[in-house]
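Let's take a walk through this one, stopping at a few residues along the way. Keep the 3D view open as you read.

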Amino acid sequence: MPSTTMDANAIQKLYEVCKVSLSEKGPLSSESLDNVRAVLDMITPADVGLECEAEAVRVWRSPRALSRKRVFHSSPAIRYRHIYECKSFSIGIFCIPASSIIPLHNHPGMTVLSKILYGTAHVKSYDWIDTAESLNLSKVRPAKVVRDGEMSAPCGAMVLHPGEGGGNIHALKAITPCAILDILTPPYSSEDGRHCSYFRRCPRSDPSGVLLNRTKGSEFVWLEEYQPHDNFIIRRDLYAGPALKL
């Protein structure tokens, strides 16, 4: 069981290692990325003001769970607790109610480090498959699955990157209430061409078998961009952990 003792310096250490390791173009090096990941792996719910929620999730499926569910918001909305953002990186926490879904979305030209602080989530991620045909399609492109499984706290951080095998397009479904601490480098920026787009599967065939050969037997799908339904809501929430010393 992870420690419930708060380290007031933990989130400060994370900010400081991000500041010297990440740039407006992403990680300065693979070693820099490893340094950020090592500090992120040490963060606990107590370090960011989420110890009560984490304790409630530990007994979520037990007979005591009914009383513990009062800890969480009654609203089904996903909540985002903003911690910090600059041109090089952002740090924030997504608090996701059980059964809620963050639809399939991209991180164009970005590296993402995600640490699940409490709970269990199912993650499915994809890479684009570049083909001559896909380049001529304005909205529909083939993608292959690179990750499809659950992650439960405590566990190490997951890293998505723009290169092949990076799983830069992903969707999450909360199996239990969960919280995910995200670092984006560089962060989303419409003016810099890093806009968050959402995707869904659409029916399409591969009569020539070209894509099957390109994916070497891995599952592949066709994805089209779309606008999520109005009931998909992410609300800003108050960050309750230690303030950063900037």
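Cysteine 86 counts as partly exposed, with a relative accessibility of 25%. Bear in mind that this is a predicted model. Now look around for a sulfur partner: cysteine 86 is in no disulfide, and the nearest cysteine sulfur, that of cysteine 18, sits 8.7 Å away. A disulfide needs the two sulfur atoms within 2.5 Å, so a pair 8.7 Å apart doesn't qualify. In fact, the structure holds zero disulfides. Swing over to cysteine 52 and you'll find an exposed residue, with a relative accessible area of 51%.

Next, go to strand 6, which covers residues 111–118 and is where lysine 115 has its place. Lysine 115 is buried, yet it has no salt bridge. Which side chain of opposite charge is nearest? That's aspartate 41, 4.9 Å away. The cut-off for a salt bridge is 4 Å, so aspartate 41 at 4.9 Å doesn't make one with lysine 115. Aspartate 41 does turn up among the contacts of lysine 115 beyond four places in sequence, as do Leu40, Ile43, Cys155, Ala157, Ala179, Ile180 and Leu181.

Last stop: leucine 184, in strand 11 (residues 178–185). Leucine 184 is buried, with 11% relative accessible area. Leaving aside neighbours within four places in sequence, its contacts include Ser88, Phe89, Ser90 and His107, and Met110, Thr111 and Val112 are also among them. Check leucine 113 too: 71 residues separate it from leucine 184 in sequence, while their C-alpha atoms are 6.7 Å apart in space.

Technical notes: Residues numbered from 1 in each chain as written. Predicted model: local features only at pLDDT ≥ 70, side-chain atom pairs only at ≥ 80, totals over all residues. Heavy atoms only, no water. Helix = DSSP H or I, 4+ residues; strand = E, 2+ residues; numbered from the N terminus. Buried < 20%, exposed > 50% of the residue type's maximum accessible area, 1.4 Å probe, protein only. Lys, Arg positive; Asp, Glu negative; His and termini not counted. Contact = heavy atoms within 4.5 Å.
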